[in-house]
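Visitor: Could you take me through one part of this model up close? I'd like the whole story in one go.

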Amino acid sequence: MSPTLDDIAPLEIEAGTLQSHHSELPEKGFRWVLLLSLAIALLTLAALLAFILVSGAPRFNLQLFTNMPSIRLPEIAGAQSAITGTIWVIVTTAVISLPVGIMAAVYLEEYGNPNGRFHRLVEINIQNLAAVPSIVYGILGLGVIARALALGQTVITAALTLSLLILPIIIISTREAIRAVPQSIRFGSMALGATKWQTIWKQVLPAATPGTATGAILALSRAIGEAAPLLLLGAVTFITFNPNGLMSSYTVMPIQIYNWVSQSRDAFHVLAAALCIVLLLLLLLMNGAAIFLRNKYQKRW
Amino acid sequence: MWDAGETILNLWNVGVWYGDYHALRGVSMDMRRNEITALIGPSGCGKSTLLRSLNRMNDLIPGTRVDGSITVQGQDIYAPDVDPVEVRRHIGMVFQKPNPFPKSIYDNVAYGPRVLGQKKGLDDVVEEALTRAALWDEVKDKLKSSGLALSGGQQQRLCIARCIAVRPQIILMDEPCASLDPIATLKIEDLMQELASDYTIIIVTHNMQQAARVSDRTAFFTAKLDGDGERFGELVEYDVTHTMFTQPKDQRTEDYVSGRYG
Ligand SMILES: Nc1ncnc2c1ncn2[C@@H]1O[C@H](COP(=O)(O)OP(=O)(O)OP(=O)(O)O)[C@@H](O)[C@H]1O
Ligand SMILES: [Mg+2]
């Protein structure tokens, strides 16, 4: 027999072969290191949450939702304008970014030639755009949308800027959802005489909806928490009316929190914490919905 | 008996290219109305390739090209003014792996007619298609449940029902029983023979007994090397099934049908 074959000849099983040949310590030690890392992460998070809950609880009440901010009377001030402002901005962002993002993803997955130069260029750029810091989008929004397009410091400017910010995320997650639809579904549909568009509209998109929705919710929840770009865009920090249209000035929750935290009186800090609770609850709700969708519709093929 | 069928599909010198690769060459044959034609041959000889070119499913694979001519009832399906979507409406296809849509049984069957714009009378179409596909009794009480919840054999019959709901003239089947157990296979075979009174069926199979049992005619393909050492598929022999299995003219056919191939 040649030596090379001997090298991988089966090993005999003898007495002692099946007993442990390595020391126990690294195995156990490593386990504890991992657990410790997990504990640090979780405890920090828990401490943060506890801190916010405790400091915000006194003002986490109905007034927060029904009253407008006030410089003079923090005791009865609320965050209604910021809450409605967030709703205005996020709904507008969704209305703009979802159709555009989904259609872009459909083009890339179903129509584009994946080996084409243009396609690869777009692909790399989308990946990169998803990693661009949000403040950069703020600068873009300020220069192009607020000034060049003269849309000013309005809801629509904020929504357009946030749309740009989350479009890459929506495109990427929708593409993944579309790619997960098996080819056999497309062939089955086409073989019945459906056109390409009918196949996409009636088979591919419905099958990709859970994945798309999950990605969209996560993207929108990122947009809700953003303060940096909107600070640049001049979301006004003190507003005592609800937005009444796309061209209205506005404020949003993270900005309102920022504003209150930078006040000197303690009562404002309590307000800030209370509004943090609202923001956290909202995000928890959205992420919960995303997880629910993902689990409910996971693996249907 | 087999003389009764008129020619419905005519292939003349058909070749199929995948990019630069000339996978299938020089296939000329006639398929007859209301007959079952079996395509047999070793793996990679181009049976699926040929089948897909008959309803222009090949168009969906980038870089694919067909030469020669394929006519259905005298009309060239590759003529420039022909819409491949229309071709597929009239020449249906059932795939190797059952591929029901992730929708209800009812919606699976109604999908084709709906895509064609039909809105009324869908209940009747669904019932009739499922009945013809020998599935109605098994599913009539659960039309709203998912097509994916059926067994493999039932799923394949659902796919056949879905196919006949758009009233095709010809049904192409690419190894429709390959993923089924023997009993489900027999059911599909019975069904094919039922359907042959109204439809023309072309089936790819690796199962010699199946070809012998269900088909009227059999075409044997094989792969060989050309001058440049490139493998390509060609039609070796095409005849009435009984003749193909008892007195084939070509030695290669005889070796293959008697299991001495390779
Ligand atoms: N999409 C494709 N792109 C490139 N070449 C392909 C493609 N599909 C098939 N081929 C090639 O064409 C030849 C015929 O393949 P085909 O799938 O038609 O064979 P088959 O007879 O159906 O085989 P099997 O019995 O295994 O299904 C093979 O050499 C295969 O590699
Ligand atoms: Mg095949």
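**Where the two domains meet**

Guide: Let's look at the seam inside chain A. Domain 1 of chain A and domain 2 of chain A bury about 710 Å² between them, 70% of it from carbon and sulfur atoms; buried area is the accessible area (1.4 Å probe) that two parts lose on being put together, summed over both. On the domain 1 side, A:Ile52, A:Gly56 and A:Arg59 lose the most area to domain 2 of chain A, and together they make up 75% of what that side buries.

This is a predicted model, so local features need pLDDT of at least 70 and side-chain atom pairs pLDDT 80 or more, while totals for chains, interfaces and linings use all residues. Residues are numbered from 1 along each chain as its sequence is written, chains are lettered from A, and side-chain values use heavy atoms, leaving out hydrogens and water.

As for the bounds, domain 1 covers 5–59 and domain 2 covers 62–297 of chain A, as given by an automatic or database domain assignment. Their centres, taken over C-alpha atoms, sit 36 Å apart. At the seam, eight residues of domain 1 of chain A contact 13 residues of domain 2 of chain A, with contact meaning heavy atoms within 4.5 Å.

What about polar links? There are three residue pairs in polar contact across this interface, both partners at pLDDT 80 or more; that takes a pair of N or O atoms within 3.5 Å, one able to donate a hydrogen and the other to accept it, and residues adjacent in sequence count only if both atoms are side-chain atoms.
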